[in-house]
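This report goes through the packing, the sheet and a few single residues of one protein chain. The sequence and the model are shown first.

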Amino acid sequence: MKIVILGSGNVAFHLAKALHQNQIPVAQVFGRNEEALAQISVLFNVPFSTENIGDADLYLIAVNDDSISDISTKITKKDCIVAHTSGSLPIDVLTGSYRKASFYPLQTFSKSKSLNYSEIPFFVECENADDQKTLENLAHKISEKVMSSDFEKRKYIHLTAVFSCNFVNHLFARAREISDAQNIPFDYFLPLIEETTSKIRELEPKAAQTGPAVRNDTRILEIHESLITNPEQLQIYRTMNASIKKMYEL
């Protein structure tokens, strides 16, 4: 099966790398950023183009959500599968006479961060059973975790991912603002962060909750609020504590 990846960002980079590591050849990477495409080409021995999309049996569109529909119109071949990698869009956002699909890897991607691809869940949706089997087989060559998922389910998968990844990372950034302001090395908090995330492999998140809010320690909560001068930080602190109290009916 000939595979072409459309895109040159984080997801495209890691898809090319995952396929390369599993001896799955990629016929081409296509996009607008020649420098980023050249990096993928050199690292994973893949031809690239900024002008012409190569022939393929499977086109994987790994661009931002706003660009998926537009780039999908550039694929004129009919007898092929075209799959986007978005967690928040239906497959009918793809515009063409080809067979449409979704090939969604559930992970946060940065080019500079290595990943164990065998642990990344892939969610697959296709228009017919044969294509579903084809893409699930491809995903199984990369990962041990592959699941069929229609758009209705995928929307909730993506929402859960935003809560458990994007929001949590934003809290890390806000926490660093506080530590930096007090000249406290943020590295000192990494063991706490690592223990917090590793603990939920053994405990349900609700059972793992600690801190002044779940203890309903109003004295500590008031002290913390008095220390926070940034209005946005204070709003986050109050909102999070109110949510914790409501979950535990305190």
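A nonpolar core is here a set of buried Ala, Val, Leu, Ile, Met, Phe, Trp, Tyr and Cys residues joined through side-chain atoms within 4.5 Å. Buried stands for a relative accessible area under 20%. The model is predicted.

**Cores**

The largest nonpolar core contains 34 residues, and those with the most contacts inside it are Ile-5, Leu-19, Leu-58, Leu-60, Phe-103, Leu-135 and Leu-138. At least two residues of this core come from each of strand S1 (3–6), helix H1, helix H2 (34–44), strand S4 (58–61), strand S5 (81–84), strand S6 (99–105), strand S7 (122–126) and helix H4 (129–142). H1 contributes the most, six residues. Another core, of 15 residues, lies apart from this one and includes Leu-6, Val-82, Val-93 and Leu-94. In soluble globular proteins, nonpolar side chains tend to be buried together.

Leu-60 can serve as an example of the packing. Not counting residues up to four places away in sequence, Leu-60 touches Ile-3, Val-4, Ile-5, Leu-6, Leu-15, Leu-19, Ala-83 and Phe-103. In S4, Leu-58 and Leu-60 point one way, while Tyr-59 and Ile-61 point the other way; all of them are buried.

**Sheet**

How are the eight strands of the open sheet ordered? The order is S3-S2-S1-S4-S5-S6-S7-S8, with mixed pairing. Strand S3 (48–49) and strand S8 (146–148) are the edge strands; each has a single partner strand, so one side of each has no neighbour in the sheet.

Three of the pairings can be described in more detail. S1 and S4 run parallel and are joined by four bridges; across this pair, Val-4 stands opposite Tyr-59 in S4. S4 and S5 also run parallel, with four bridges between them, and here Ile-61 stands opposite His-84 in S5. Strand S2 (residues 28–30) is joined to S3 by two bridges, and the two run parallel. Phe-30 has Ser-49 in S3 as its bridge partner.

**Cavity**

A search of the whole structure finds one cavity of 30 Å³ or more. The volume of the largest cavity is about 40 Å³. His-14, Leu-15, Ala-18, Pro-105, Phe-109, Tyr-117 and Phe-122 line this cavity. Helix H1 (residues 10–21) provides the largest share of the lining, three residues. By class, the lining residues are six nonpolar, one polar and no charged. One of them, Leu-15, is also among the residues that Leu-60 touches.

**Single residues**

Gln-23 and Asn-183 each have a positive phi without being glycine, as the table shows.

| Residue | Phi | Location | Relative accessible area |
|---|---|---|---|
| Gln-23 | near 55 degrees | loop between H1 and S2 | 67%, exposed |
| Asn-183 | about 55 degrees | loop between helix H5 (151–181) and helix H6 (190–199) | 70%, exposed |

Is Gln-233 buried or exposed? Gln-233 has a relative accessible area of 13%, and therefore counts as buried, the limit being under 20%. Gln-233 is found in helix H9 (residues 231–247). Leaving aside neighbours within four places in sequence, the contacts of Gln-233 are Arg-174, Glu-177, Ile-178 and Ile-228.

How values were computed
Residues numbered from 1 in each chain as written. Predicted model: local features only at pLDDT ≥ 70, side-chain atom pairs only at ≥ 80, totals over all residues. Heavy atoms only, no water. 1 Å grid on protein atoms, 1.4 Å probe; cavity = no way out; pocket = protein on both sides within 12 Å on 5 of 7 lines; lining within 4 Å. Points joined across faces, edges and corners; volume = space filled by probe spheres on them. Nonpolar A, V, L, I, M, F, W, Y, C, P; charged D, E, K, R; others polar. Buried < 20%, exposed > 50% of the residue type's maximum accessible area, 1.4 Å probe, protein only. Contact = heavy atoms within 4.5 Å. Pairing = 2+ DSSP bridges.
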